[in-house]
Amino acid sequence: MADATPEFTSEAVTAERTAKMGQRKTWLIRLGIAVVVLGAIYLLWYELIGRNHVSTDNAYVNAEVAQVTPLISAQATQVLVSDTQAVKRGDILVRLDPTNARIALAQAEADLAEARRRFRQTSATNSSLAAQVEARAADIAQAQAQLATAQADFEKAHVDLQRREALAPEGAVSGDEVTIARKAFAAARAGLAQARAAVTMAQATRGAAQGDLAANDALVRGLTAETDPAVLAAKAKVESARLDIERSVIRAPIDGVVTRRQVQVGQRVAQGTPIMTIVPINQVYVDANFKERQLRGVKIGMPAEVTSDLYGGDVVYHGKVVGFSGGTGSSMALIPAQNATGNWIKVVQRLPVRIALDPKELAAHPLRVGLSMEADIYLSER
């Protein structure tokens, strides 16, 4: 019995080892089968689903926000909205003091009335100048008549002088008569020269009157009291002043939620300085930053599914790709990377892809700008 115990023990150990090796082999086979099955499942998933999708969790809600800026400089008399308040397009946000604008309107209306009065005065002057031209024409006719009289007197005096000078040597006339005839001839000649000068002066006066008429007529020809350039300029100032009064009431340019309100009652706001921002939460979109290699098959119009960290995976937004950014995030950074340096390490870049969302889904589950999202684009064309 003492000799049989060691043999029995050795056989038991051998059998145990054989059993363990069999179990190990069985588990290795099972593990191999499991790996093969998992690999086949992954390959099947990749072929049917995975290769037709690209996804990223580097995505955020964005929107075309509207900055509200006053178009005039004035003091705020009423602020009717506060942060987080929803507003509709056309709702009054802020009222500004319109006193200066009303004064400017009164001055502009006075300037318009003055411009119309000047035009009517110019038109009346045109008629007066036309009458003066006709009067100068009459003066010319009168001067020409006087010239004709002076010419006749000159010719008569000349004939009388020639007769007396011819009779003087024979003693038929006295020396006094010859002297008187010569004096009359000289007076007639002077009168003729004066008459000619009067005609020239009358003609010059008429030319000046015609020039004044032409200059004045150029100011009113083809115009009315409403189409005169000076009147139109005055009208423009009136419209500008009225527009400034309208701009003293600041209204919401779009539907949305008031954010970053920076104006208080009594504060003087400057023209062009933002006083608040309105975010159109019903028109938000998602900017998804995909790696450049993920975008090989992505095209505009492809469908996408987006989930938000705010609502979790139970709420899925459906949208489509509407565009790609013009540059990567690093190229558009305030301090872009300097890749032309000696020490360089390649970094995978990300390109923002814009995904438009379904407005009905947004209305049911509103989003806010800046929220984190997860985007999945279905490569339908594959």
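The paragraphs below lead through a predicted model, beginning with its strands and going on to its salt bridges and to a patch on its surface.

A good place to start is the open sheet, in which four strands follow one another in the order E6-E5-E3-E8 with antiparallel pairing. At the edges of this sheet lie strand E6, which covers 249–251, and strand E8, which covers 268–269, and each of these edge strands pairs on one side only. Within the sheet, strand E3, made of residues 74–79, runs antiparallel to strand E5, made of residues 92–96, and three bridges join the two. To find this pairing in the structure, the reader can look for Val79, which stands opposite Val94 in E5.

Another set of pairings centres on strand E1, which spans residues 53–62 and pairs in the antiparallel sense with strand E14, residues 372–378, over six bridges. In this pairing Ser55 stands opposite Asp376, a residue of E14. Strand E1 also pairs with strand E10, residues 285–291, again in the antiparallel sense, and here the pairing runs over four bridges. Tyr60 has Asp287 of E10 as its bridge partner, and Asp287 appears once more among the charged contacts, where it is linked with Glu64 and Arg354 in a network of salt bridges.

That network leads on to the salt bridges of the model, for which the count comes to eight. One of them brings together the side chains of Arg242 and Glu109, with a distance of 3.7 Å from N to O. This pair links distant parts of the chain, since Arg242 belongs to helix H4 (residues 229–247) while Glu109 belongs to helix H2 (residues 99–167), and the two are 133 residues apart. Are the two partners buried, or do they reach the outside? Arg242 counts as partly exposed because its relative accessibility is 38%, and Glu109 is likewise described as partly exposed, with a relative accessible area of 36%.

Arg242 takes part in a further salt bridge, in which its side chain meets that of Glu239 at 3.5 Å, N to O. Here the partners both lie in helix H4, three residues apart, which is about one turn of the helix. Glu239 has a relative accessible area of 47%, and so it is partly exposed. Elsewhere, the side chains of Glu226 and Lys235 meet in a salt bridge of 2.6 Å, N to O. Glu226, with a relative accessible area of 34%, is partly exposed, and Lys235 is also partly exposed, its relative accessible area being 27%.

The last features to look for involve nonpolar and aromatic side chains. On the surface, Ile29, Ile33, Val37, Leu38 and Ile41 form a nonpolar patch, and together they have about 470 Å² of accessible area. One member of this patch, Ile33, lies in helix H1, which runs over residues 4–48. As for the aromatic rings, the count of aromatic pairs comes to zero. A contact between a charge and a ring can nevertheless be found, for the charged end of Arg30 sits over the ring of Trp27, at 4.8 Å from the centre of that ring.

Notes. Residues are numbered from 1 along each chain as its sequence is written. This is a predicted model: local features need pLDDT of at least 70, side-chain atom pairs count only at pLDDT 80 or more; totals for chains, interfaces and linings use all residues. Side-chain values use heavy atoms; hydrogens and water are left out. Two strands pair if DSSP finds at least two bridges between them. A salt bridge is a side-chain nitrogen of Lys or Arg within 4 Å of a carboxyl oxygen of Asp or Glu. Buried means under 20% relative accessible area, exposed over 50%, partly exposed in between (1.4 Å probe, protein chains only). Patches are made of residues with over 30% relative accessible area and no salt bridge: like charges are joined within 9 Å, nonpolar side chains (Val, Leu, Ile, Met, Phe, Trp, Tyr) within 5 Å. Accessible areas come from the Shrake-Rupley method with a 1.4 Å probe; for residues, only the protein chains shown count as cover. Rings of Phe, Tyr and Trp (its six-membered ring) pair if their centres lie within 6.5 Å; planes under 30 degrees apart count as stacked, over 60 as edge-to-face and the rest as tilted. A charge sits over a ring if NZ of Lys or CZ of Arg is within 6 Å of the ring centre and within 35 degrees of the ring normal.
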